[in-house]
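I opened this model to look at one helix packing and at the cysteines. My entries follow the order in which I looked things up.

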Amino acid sequence: MTDQELARRENLKKIRELGVEPFPYRFAFSHRAADVRLLGEGKQGDELKELGTFAVAGRVVAYRSSGKTAFLNIQDDHERLQVYLRRDDEVNEAGTTPGQGEAIWPVVKILDLGDFIGVRGRLMRTKTGELTLQAVGPEGFELLGKSVRPLPFPKVEETKDDTGKVVGRKTFQSSLFSDVEARYRQRYADLAVNPEVANVFRLRTAIIQEVRAYLLDHTFLEVETPTLQAVYGGASARPFVTHHNALDIPLYLRISNELYLKRLIAGGFDRVFEFVKDFRNEGIDRTHNPEFTQVEFYQAYADYNDMMVHFQAIWQRAAKAVLKLKARRSALSRGVSADGLAKEFAEIEAGQVPVVYQGRELTTFFKDWERLPVKTALKRKGVDIDASSDQDLKDLIKNNHWELDGVFSRGRAMMLAFEELCEPELWEPAFVMDHPLESTPLCKVHRNDPTLVERFEPAIAGMEVGNSYSELNDPIVQRRLLEEQVERGRGGEDETHPLDEDFLRAMEYGMPPMGGVGIGIDRMTMILTDQASIRDVLLFPLQKPE
RNA sequence: GAUUCGGUAGCUCAGUCGGUAGAGCAGCGGCCUUUUAAGCCGUGGGUCGAGGGUUCAAAUCCCUCCCGAGUCACCA
């Protein structure tokens, strides 16, 4: 144990010896720090007094003691408030304010950063004008939870000269805790000391709520389907395998919920959606985590064109919500008045405030997104798929030293060329659409081109952020395509991709035409909250065990 | 999987050519009844990611491994 942990345990012992319980059961707070600040805004002396008494609870994040008084900053739900404690009564023109007294004062003196406390009292302003909660009387201070391990509080900001030599350091309390590994492993500590990190996760929740609100507004029914599946499907990915003891069968964590939502459409619901955790047993990088969140929705009697409308509307709605929350949050520090904020909201609503990702603006975000057929994109790069022979395509690959894995097909060549020539340049929102037939077995053939399917994958800031089809509902064709996929699976070294007979049975009973969409919530959050890594939008990203 | 960078005090970091392991903040002991990077005086704290090697001597050089981040590859 470190000296600091020992010191804190010693403090814990002293507190008990003083007859004070360091881990009491509850504290009835009256306001959060944010509400206190709002109520106290612009008010002085007597006006503050008239607001009456406040009870606020939070964690001690700064402690400045000068003998028989102490100024603390406490933080609750990531807002901060200064509180003022004193041992003795304060007597001045305004009257007498009881202090906390000699009985409790020794506890105040040995508070540690990270302790949770409750403070009851009234508001005042210090001579520098900071709104402060002054504890009143012995009941004005309560220890609510002792911290016996120091939080990673301070950050040092260095000043360097021209040669890069450190010539000065500034230390701030409660600023960035920057060891990224520790931040991911100990997210609780990260959140406790980095309010900006906490805010990303508030925004993530806001995004999810906007998506849900949109779907509910459009009469989609929220449903739940199995995470544990005996037959996995709906995507091409390696699954996590587990085992059910009582039934003695293998079960798989879902890689997708697509086939279940389609069963529900067959069952007569005509619009369904589900937020799901999907699990894919693959690599981890800046845009991939083994478990990730998607929302999938299916709409009967619709096609992929209808789904593009939804997709764009959902993203734009969520983005506006995020921009408003960001504007509101920073309004005070930017000196923006209530009227000013209302004006900003109107601008956001009108799509005049840009979405910026990693320092680069998404200029067409609030316009209609480009619909970009793969063949069209390639034509712009001088590759005319329809006018090219198989040999032309093989030469194109060979001359560019690209690598096509698997056997040659026109579709594979087309996607390879797209990935090499077009994908790196994608930044503005675009519906990449009309992929080759062999790209997926779950999609309808394109109504105007038998070599393509009616699929789109939206790309924003160079990331794939979703997937959508005019869903295949012909059970005869579906069986053939799935069987072909099973055959291909057997060729590989990995586990076979089993045929979902039950899904085919549902389709054989009859399925309406439908459009389906999956939206990756994690990447959506990355873009809308301007985070570079998926780990920064997951509260607990997967890490190797310590 | 390949490759680059990183891992030194609770935190953020420095550590030259291989020669007794450092700073600021945090901590501890004092002083201080309006502080806010509080201040002043004093002071403790290290398995230098792990293991092995070279050397009189290793945080530093060499090898292996672990953990993390980035890039590339893989993942329709």
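These entries concern a predicted model, and they take the helix pair before the cysteines.

**Helix pair.** I looked up how helix 7, residues 195–217, packs with helix 16, residues 521–529, and found an angle of about 120° with the axes 10 Å apart. The two helices are therefore oblique to each other, and I noted that their crossing is right-handed. On the side of helix 7 I listed Val 200, Leu 203, Arg 204, Ile 207, Ile 208 and Val 211 as making the contact, and on the side of helix 16 Ile 521, Asp 522, Met 524, Thr 525, Leu 528 and Thr 529. Sorted by class, this contact has 8 nonpolar, 2 polar and 2 charged residues.

**Surroundings of helix 16.** I then asked how many residues of helix 16 are buried. The count is 9 of the 9, so helix 16 is largely enclosed by the rest of the structure; the buried residues include the charged Asp 522 and Arg 523. Just after helix 16 I came to Asp 530, whose phi is positive, near 60°.

**Cysteines.** I searched for disulfides, which require a pair of cysteine sulfur atoms within 2.5 Å, and the count came to 0. For Cys 422 the closest cysteine sulfur is that of Cys 443, which at 20 Å is too far for a bond; Cys 443, correspondingly, is in no disulfide. I also checked whether these residues are buried or exposed: Cys 422 counts as buried at 7% relative accessibility, and Cys 443 counts as buried at 3%.

Methods
Residues numbered from 1 in each chain as written. Chains lettered and ligands numbered in written order. Predicted model: local features only at pLDDT ≥ 70, side-chain atom pairs only at ≥ 80, totals over all residues. Heavy atoms only, no water. Axes fitted to C-alpha atoms, helices over the stretch in contact; angles between N-to-C directions. Helix = DSSP H or I, 4+ residues; strand = E, 2+ residues; numbered from the N terminus. Parallel < 35°, antiparallel > 145°, perpendicular 65-115°, else oblique. Left-handed = near helix turned anticlockwise from the far one by under 90°. Contact = heavy atoms within 4.5 Å. Buried < 20%, exposed > 50% of the residue type's maximum accessible area, 1.4 Å probe, protein only.
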